[in-house]
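Biologist: I have the sequence and the model open. I want to ask how some of the labels are justified.

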Amino acid sequence: CGCSSTSGYRSTTGESCGISNDTVATKEAVANYYRELLKREPEAGGVEYWMGTGLSLERVKQGIIASYEYGIKKQITDLYRSLLNREPEASGLSYWYNKISIDKWTIDQVKNGIMVSSEYINRQNATSITVLSPNGGENYVVGSSYEIRWNAMNFPVNSTIYLELRPDNFNIGSSVRKITSV
């Protein structure tokens, strides 16, 4: 098409060589994909690489999602969600990603690393109940029976768990029912 790196994103004959005639907006859209999907600023040349492919913005997004970096960062994010019950902060995501991409750790080594962190250990020592089913948003009918499953952590043996039933607005009275012993 007559495109060259010195002519920007237009050929010497005026035709478009990138994914859009509006290269500033498109560059920003690609940079935003880095921020949104990879949780980082694009590296030098990264946006230009994608701009030079001639792909649509949707194809660029699909390419980033198919990347090694995205896949690993998604696995790390899933570990944070399941083990720490939160999203990873940028520095933590970068740290663990570098452990895999530079130090050649496996995802299981990252999992073990998170599991020996003080944050994870402190969460395990906290007394808590996690309702597994139902998981919220259910409609209950007065007089009906429901099965509720949960995980109870660090409760002394023979502890009693109570279920509090409240009306939707949480302002009018409540009742507490003993449901089981742990």
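**Labels and reasons**

Modeller: Start with I65, which lies in helix α3, residues 57–65. Keep in mind that this is a predicted model.

Biologist: Why is I65 called partly exposed?

Modeller: Its relative accessibility is 36%. Buried means under 20%, and exposed means over 50%. The value for I65 falls in between, so I65 counts as partly exposed.

Biologist: Which residues does I65 touch, leaving out those up to four places away in sequence?

Modeller: I65 touches L37 and Y70. Look also at L38, 27 residues from I65 along the chain. The C-alpha atoms of I65 and L38 are separated by 8.6 Å.

Biologist: Now M51. Where is it, and is it buried or exposed?

Modeller: M51 is found in helix α2, residues 46–52. Its relative accessible area is 0%. The cut-off for buried is under 20%, so M51 is buried.

Biologist: How far apart are the C-alpha atoms of M51 and K27?

Modeller: They are separated by 7.1 Å. Along the chain, M51 and K27 are 24 residues apart.

Biologist: What makes the phi of K39 worth a remark?

Modeller: Most residues other than glycine have a negative phi. K39 is not a glycine, yet its phi is positive, at about 60 degrees. K39 is found in the loop between α1 (23–38) and α2.

Biologist: Which residue in the loop between α4 and α5 should I set beside it?

Modeller: N85 is found in that loop. Phi of N85 is near 60 degrees, again a positive value in a residue other than glycine.

Biologist: Why do K39 and N85 get their accessibility labels?

Modeller: K39 has a relative accessible area of 48%. Exposed needs over 50% and buried needs under 20%, so K39 is partly exposed. N85 is at 58% relative accessibility. That is over 50%, so N85 counts as exposed.

Biologist: How do you describe the packing of α4 and α5?

Modeller: Two packed helices are described by the angle between their axes and the distance between the axes. Helix α4 covers residues 68–84, and helix α5 covers residues 90–101. Their axes come within 10 Å and cross at roughly 125 degrees.

Biologist: Why is α4 called oblique to α5?

Modeller: Roughly perpendicular runs from 65 to 115 degrees, and roughly antiparallel needs over 145. The angle is roughly 125 degrees, which fits neither class, so α4 is oblique to α5. The crossing of α4 and α5 is right-handed.

Biologist: Which residues meet there, and what classes do they belong to?

Modeller: From α4 come Y68, E69, I72, K73, I76, T77 and Y80. They meet G92, L93, W96, Y97, I100 and S101 in α5. By class, this contact has eight nonpolar, three polar and two charged residues.

Biologist: What is the pattern for the whole protein?

Modeller: There are seven helices and four strands. Along the sequence they follow α-α-α-α-α-α-α-β-β-β-β. Of the 182 residues, 23% count as buried. The protein exposes about 12,100 Å², and carbon and sulfur atoms supply 51% of it.

Terms used. Residues are numbered from 1 along each chain as its sequence is written. This is a predicted model: local features need pLDDT of at least 70, side-chain atom pairs count only at pLDDT 80 or more; totals for chains, interfaces and linings use all residues. Side-chain values use heavy atoms; hydrogens and water are left out. Helices (H or I, at least four residues) and strands (E, at least two) are DSSP runs, numbered from the N terminus. Buried means under 20% relative accessible area, exposed over 50%, partly exposed in between (1.4 Å probe, protein chains only). Accessible areas come from the Shrake-Rupley method with a 1.4 Å probe; for residues, only the protein chains shown count as cover. Axes are lines fitted to C-alpha atoms, for helices over the stretch in contact, and angles run from 0 to 180 degrees between N-to-C directions. Angles under 35 degrees count as roughly parallel, over 145 as roughly antiparallel, 65 to 115 as roughly perpendicular and the rest as oblique. A crossing is left-handed if the near helix is turned anticlockwise from the far one by less than a right angle, and right-handed if clockwise. Contact means heavy atoms within 4.5 Å. Ala, Val, Leu, Ile, Met, Phe, Trp, Tyr, Cys and Pro count as nonpolar, Asp, Glu, Lys and Arg as charged, and the others, Gly among them, as polar.
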